[in-house]
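Me: I should like to learn how to read the features of a structural model. Please take me through them in turn.

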Amino acid sequence: MPGIVPTRHLIRKMQFSAKSTGSVAPAMHRYEQLAAEWAEGIERGTLRPGERLPSVRQTCQARAVSPSTVFQAYAVLEERGWVEARPRSGYYVRARPSRPGPPPITPPPDTGPHPVAISELLVELLGSTRDAEVVPLGSAFPAPELFPFEALARCGARAMRRLKPAHITGALTAGDEGLREALRHRYAVQGVALHPEELIITHGAMEALNLCLQAVTQPGDVVVVESPAFYGALQALERLHLRALEVATHPQDGVDLTALETLLQRERVAACWFMTRFQNPLGALMPTERKQALVTLLARHGIPLIEDDVYGELYASAERPPPAKAFDGAGLVLHCSSFSKCLAPGYRVGWAAAGRFGATVARLKMMSSLSTSLPAQRAIADYLQQGGYDRHLRHLRHALAESQRRALAVIDESFPPGTHPTRPQGGYFLWLELPPQVNALALHQRALRHGISVAPGVLFSADARFTHHLRLNVGHPGDARLEPALRWLGAEVA
């Protein structure tokens, strides 16, 4: 039986079936509008479980539509799991199965800041994900076939033919002006007005994040990170000889602001490194009002926020949630992202919108890598100018949302009681809390021998906690090996 899909997913599926890229209403057929209206009524509770939907005759008379339109709407609702057909009786609202909420995250132990050492295990994991024969549940990237590489190649060739020699030196350090202008425009659409000098193009998001971290810290400083935290953040702290201070993080709503304020009052903190949109590994999306409260809290203490936002474009809702940068009035938010997870993996084009630290980040960029590959920048800038980026993103979000739905259905069916997966509103990671007796690191090693990679939870903490947790990448919708691999893992856990 298919899992029930939220109304927003149903409406977005309908949008993708249409040719138009304009507003929702013109893009939807009449049967799609009818199905979306009934689905919204079910989600809001005006149509209750067990209630019979209006008959075909009633609907035809009330809406002035044909019987085929009504049957098509019923078929959509049935396929998406909202209603069920009863022979010789009609269509009824299906009872919604009870699902466990997000798993509670045990607050980190109150042991204060500590050094980080995760590199050895991380190298082993990343090495395994490079093997194409291994099922990539432990990978950090979505499936390559989701990205428009041929279109990007054409854009790159066209852009380089138009390149003038003066552009080569003009794009050093800060980056290609055409790309920077396109990025400033996309920020403006989100309500963020960037000063031109604060935007620096980098060699992927990791360079942006590392440069920002260097700009606001000195060796030995304390940096607050989420718990669990992105292993790239922990690795950066390890490299720069910084100490990690983990703050309790809710699997759905992100950083616990009360716990954070307690830490800020107790410790001398140099910076925070958080993901406010679809955090890796949890997939948490911090609600808008909490993002605003976070920025206000840090501004009151004068503490910079490094906002790692590489998954910000991968939202499953109808509207883009704003980044914390949208509420930055003091220039203390250093917003970092890239095209690696949403458009062009392998091109290694990222950026930092570094606020009041823009000049410092630019100087560090000049001292380290000097500039980012100009052909890659020009290819992406040309692609953005062609106007197909948002259309690509809509298809990508749809594919990832559908892949997540299918993976969760397999997990719900195949894993034993005591397994609690997160149910993110975007991105492509799931965080699984397994029964306490499961050793996730040992499971990772057994899975590798079976040709499956997973990311064990110990990678996501400076003190190797989360021993019975896994992060799974479900962003490979066309890989027929994923569902059997999930079922194998469920059998191993049982």
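Me: In this structure, which residue of strand 2 stands opposite Ala85?

Reply: Strands of a sheet pair through backbone hydrogen bonds, either parallel or antiparallel. In this predicted model, the residue opposite Ala85 is Tyr91 of strand 2. Strand 1 (residues 83-86) is paired with strand 2 (residues 90-93) in the antiparallel sense, over four bridges. The two strands form a hairpin with three residues between them, and Arg88 in that turn has a positive phi of about 55°.

Me: How should one read the sheet of eight strands, and in what order do the strands come?

Reply: The order is 4-11-10-9-8-5-6-7, in an open sheet with mixed pairing. Strand 4 (199-202) and strand 7 (254-255) are at the edges with a single partner strand each, so one side of each is left without a neighbour in the sheet. Within the sheet, strand 5 (residues 222-227) pairs with strand 6 (residues 243-250) in the parallel sense, over six bridges. Val225 stands opposite Glu246 in strand 6.

Me: Which helix lies across strand 4, strand 5 and strand 8?

Reply: That is helix 10 (residues 204-216), which also lies across strand 9 (305-308), strand 10 (333-338) and strand 11 (350-353). Helix 10 runs at about 160° to strand 10.

Me: What is the order of the sheet formed by four strands, and in which sense do they pair?

Reply: This open sheet has the order 12-13-16-15, and its pairing is antiparallel. Its edge strands, strand 12 (420-421) and strand 15 (455-456), each pair on one side only. Strand 15 is joined to strand 16 (residues 469-473) by two bridges, in an antiparallel arrangement. Ala455 stands opposite Arg471 in strand 16. Helix 16 (residues 389-414) lies across strand 12, strand 13 (429-433) and strand 16, at about 15° to strand 13.

Me: At what angle do the axes of helix 16 and helix 18 cross?

Reply: They cross at roughly 30°, and the axes come within 9 Å. Angles under 35 degrees count as roughly parallel, and helix 16 and helix 18 are therefore roughly parallel to each other. The crossing is right-handed. Helix 16 contributes Arg406, Ala407, Val410, Ile411, Glu413 and Ser414 to the contact, while helix 18 contributes Glu483, Leu486, Arg487, Gly490 and Ala491. By class, these residues are five nonpolar, two polar and four charged.

Me: How does helix 17 pack against helix 18, and at what angle?

Reply: Helix 17 (residues 440-449) packs against helix 18 (residues 482-493) at about 135°, with the axes 11 Å apart. The two helices are therefore oblique to each other. Their crossing is right-handed. The contact joins Leu443, Arg446 and Ala447 of helix 17 to Trp488, Leu489, Glu492 and Val493 of helix 18. It comprises five nonpolar, no polar and two charged residues.

Me: What is the angle between helix 12 and helix 13?

Reply: Helix 12 (residues 257-266) and helix 13 (residues 288-301) pack at about 5°, their axes being 11 Å apart. Helix 12 is thereby roughly parallel to helix 13. In helix 12, Leu257, Leu260, Glu261, Leu264 and Gln265 meet Arg290, Ala293, Leu294, Leu297, Leu298, Arg300 and His301 of helix 13. The contact has seven nonpolar, two polar and three charged residues.

Me: How many aromatic pairs does a search of the whole structure find?

Reply: A pair of aromatic rings is described by the distance of the centres and the angle of the planes. The search finds twelve aromatic pairs. Among them, Trp38 and Tyr74 have ring centres 5.4 Å apart and planes at 15°, so the pair is stacked. This pair links distant parts of the chain, with Trp38 in helix 3 (residues 30-44) and Tyr74 in helix 5 (residues 67-79), 36 residues apart.

Me: Which peptide bond from Ser227 is cis, and where does Ala64 lie?

Reply: Most residues other than glycine have a negative phi, and most peptide bonds are trans. The bond from Ser227 to Pro228 is cis, with omega near 5°, and Pro228 lies in the loop between strand 5 and helix 11 (231-239). Another cis peptide bond joins Asn280 and Pro281, with omega about 20°; Pro281 lies in the loop between strand 8 and helix 13. Ala64, although not a glycine, has a positive phi of about 55° and is found in the loop between helix 4 (56-63) and helix 5.

Key
Residues numbered from 1 in each chain as written. Predicted model: local features only at pLDDT ≥ 70, side-chain atom pairs only at ≥ 80, totals over all residues. Heavy atoms only, no water. Pairing = 2+ DSSP bridges. Axes fitted to C-alpha atoms, helices over the stretch in contact; angles between N-to-C directions. Parallel < 35°, antiparallel > 145°, perpendicular 65-115°, else oblique. Left-handed = near helix turned anticlockwise from the far one by under 90°. Contact = heavy atoms within 4.5 Å. Nonpolar A, V, L, I, M, F, W, Y, C, P; charged D, E, K, R; others polar. Phe/Tyr/Trp six-rings, centres within 6.5 Å; stacked < 30°, edge-to-face > 60°.
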